[in-house]
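Q: Please pick one part of this structure and look at it closely with me. I would then like to see how its surroundings and the rest of the chain fit into the picture.

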Amino acid sequence: MAEELTEYSGPATMEKITSLAKRRGFVFQSSEIYGGQNGAWDYGPLGIELKNRIAANWWKEMTQLHDEIVGLDAAILMHPRTWEASGHVENFTDPLVDCKKCKTRFRADMIPEENLAKKTCPECGGELTDTRKFNLMFRTHIGPTEDNAGLIYLRPETAQGIYVNYKNIIQSNRMKIPFGIAQIGKAFRNEIVTKNFIFRTCEFEQMEMQYFVKPGTDVDWFNEWKKRRWAYYEKLGVKMDHLRWHQHGPDELAHYAKDAYDIQYLFPMGWRELEGVHNRTNYDLTRHTEFSGKDLQYIDQDNNNDRYIPFIIETSAGLTRTLLMLICDAYDEEKVVQEKNADSSEGTVGGNEDSADWRTVLRFHPLVAPVTVAVLPLMKKDGLAELAQDIRGELKEDYATDYDQAGAIGRRYRRQDEAGTPFCVTVDYQSKEDGTVTLRYRDSMEQIRIPRAELADKIRKEIKGYKRK
Ligand code: ATP
């Protein structure tokens, strides 16, 4: 199974990331045994751990660390009027062209302009159809009939669930402006072109926070949230030279937005959007007022009961896209000249000075790594396996752990490196004698000997103080 690296194979490419993700159980093609389902992916054992931890980290960052931001989990199926009010029924479209010859379907804004002007297919030179609008919302029916009365949409963004609950939340939680509502959940878009692995899919997850502010303060809050979202990636240890801002020009700006910036990441296929920070004005709440007939004004009790429709600053990140970004960002191949073994009597692992070895390593921040600590007995025999299991039993109260006793210790380190496990604990003969173990660091491959009783605390400190080199 393990494709061990024998030499440097060049920078991360989407093929390498896709193959590693499958081999190690991060992401599988949906319904693979039936030939796969386009636009949908399944998250395997390591993938779901990574996804859950990214979500938990974002949630903490956006709610726990901000007294004035609360959470919500709204339904995917919403009243269809929602999408009329939001403008999605009318405007959530991509321009579509088909090749009459090879039948390939393109987004008209993604093919070279001269092909579009001459109506020739960029793949086969065949004739292209006229451009037509294609609505990206998935439609289905609720109830026993399949007529228009039961028409319902799978939500294309999580934001609207927040807007329609904004009054409920003010009332139930006595929120005062400025305040925010955070939500993580699935969204669905019938994307014309899905490629680049999980970058653009039809079913995906978003992490959105909508911040409600007084009109006139929106520009300051917009700038503040831009700063905070940038700092978030810094805290996650992402390569900051792989991130940049992209301001939406007049052609890109959504009909509701006053200003919009994307945070783009340098993926293997180039700079692409990771998250949007948008000043959505009071468009959404004004439209929901019109369409629902409900008064959605905020009553400012601290200011003579002033009434106004708040402006909304939105931060909208893709959870599954962040997962892809973090794997790309963490991916590294490194020459390992010599790695010490836990027990010096066993010699060295990873070859010696003359025979260099290569390793693939995912340098995840320990806060999001799928496995935080792996416990490895040097040998299965002589009670080492039992001792290692016992240590794992203790650590699993606090950390996501793994246990591996199969094969040479060097190989086992490599397997953990490739899964992005930041810490390994190796149990050897000395552990039986004096209760100490070896703590091995993924990034530096440094090993230290510490008493078993100090492990959990030491790991906690290392996570808190983690800085990516
Ligand atoms: P794009 O231009 O890439 O289609 P968008 O500008 O339509 O994206 P938004 O509507 O602003 O995207 O969505 C916010 C975030 O949700 C994006 O920054 C992205 O991380 C994520 N996202 C949007 N569409 C998809 C998709 N089809 N698959 C995965 N993630 C997505």
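**A closer look at glutamate 157**

A: Glutamate 157 sits in the loop that runs from strand E8 (151-153) to helix H6 (159-163). Helices (H or I, at least four residues) and strands (E, at least two) are DSSP runs, counted from the N terminus. The model is predicted, with residues numbered from 1 along each chain as its sequence is written, and local features need pLDDT of at least 70. Side-chain atom pairs count only at pLDDT 80 or more, while totals for chains, interfaces and linings use all residues, and side-chain values rest on heavy atoms, leaving out hydrogens and water.

Is glutamate 157 buried or exposed? Glutamate 157 counts as buried because its relative accessibility is 7%; buried means under 20% relative accessible area, exposed over 50%, and partly exposed in between (1.4 Å probe, protein chains only). The side chain of glutamate 157 also has a partner: a polar contact of 2.9 Å links it to the side chain of glutamine 160. A polar contact is a pair of N or O atoms within 3.5 Å; within protein, one must be able to donate a hydrogen and the other to accept it, and residues adjacent in sequence count only if both atoms are side-chain atoms.

Now step back to the chain that holds this loop. The protein chain has 469 residues, and 51% of them count as buried. Its secondary structure adds up to 14 helices and 25 strands. Taken along the principal axes, its C-alpha atoms fill a box of roughly 75 × 65 × 45 Å.

Further along the chain, past helix H7 (166-173) and before strand E9 (179-188), is the loop where you find proline 178. The peptide bond between isoleucine 177 and proline 178 is cis, with omega about 5°. Arginine 174 belongs to the loop between H7 and E9 as well. Although arginine 174 is not a glycine, its phi is positive, at about 50°. Arginine 174 counts as exposed because its relative accessible area is 74%.

If you would like another example of a positive phi, try serine 31, a residue other than glycine with phi near 50°. Serine 31 lies in the loop between strand E1 (27-29) and strand E2 (41-43). Its relative accessibility is 36%, so serine 31 counts as partly exposed.

Strand E9 itself contains alanine 182. Alanine 182 has 0% relative accessibility, so it counts as buried. Follow the chain for 27 residues from alanine 182 and you reach methionine 209, yet their C-alpha atoms are 4.2 Å apart in space.

Next, find the ligand. Of the 14 residues around it, those that come nearest are Glu191, Arg200, Thr201, Glu273 and Leu274; a residue counts as near when one of its heavy atoms lies within 4 Å. A polar atom in the side chain of arginine 200 is 2.7 Å from an oxygen atom of the ligand. Leucine 274 takes part through its backbone, with a polar atom 2.8 Å from a ligand oxygen. In glutamine 206, an N or O atom of the side chain lies 3.2 Å from an oxygen atom of the ligand. Taken alone the ligand exposes 590 Å², and the protein buries 84% of that (areas by the Shrake-Rupley method with a 1.4 Å probe; for residues, only the protein chains shown count as cover).

Which elements give two or more residues to the shell around the ligand? They are strand E10 (203-213), strand E13 (270-279) and strand E16 (311-318). With 4 residues, E13 provides the largest share of that shell.

Two more places help you find your way along the chain. Isoleucine 409 belongs to helix H12 (residues 409-419). It counts as buried because its relative accessible area is 6%. Between isoleucine 409 and leucine 50 there are 25 Å from C-alpha to C-alpha, with the two residues 359 apart along the chain.

Glutamate 454 is in the loop between strand E25 (447-451) and helix H14 (455-464). Glutamate 454 has 46% relative accessibility, so it counts as partly exposed. From glutamate 454 to threonine 320 the distance is 36 Å, C-alpha to C-alpha, and the sequence separation is 134 residues. Compare that with the residue you began with: glutamate 157 is a loop residue too, but it counts as buried, at 7% relative accessibility.
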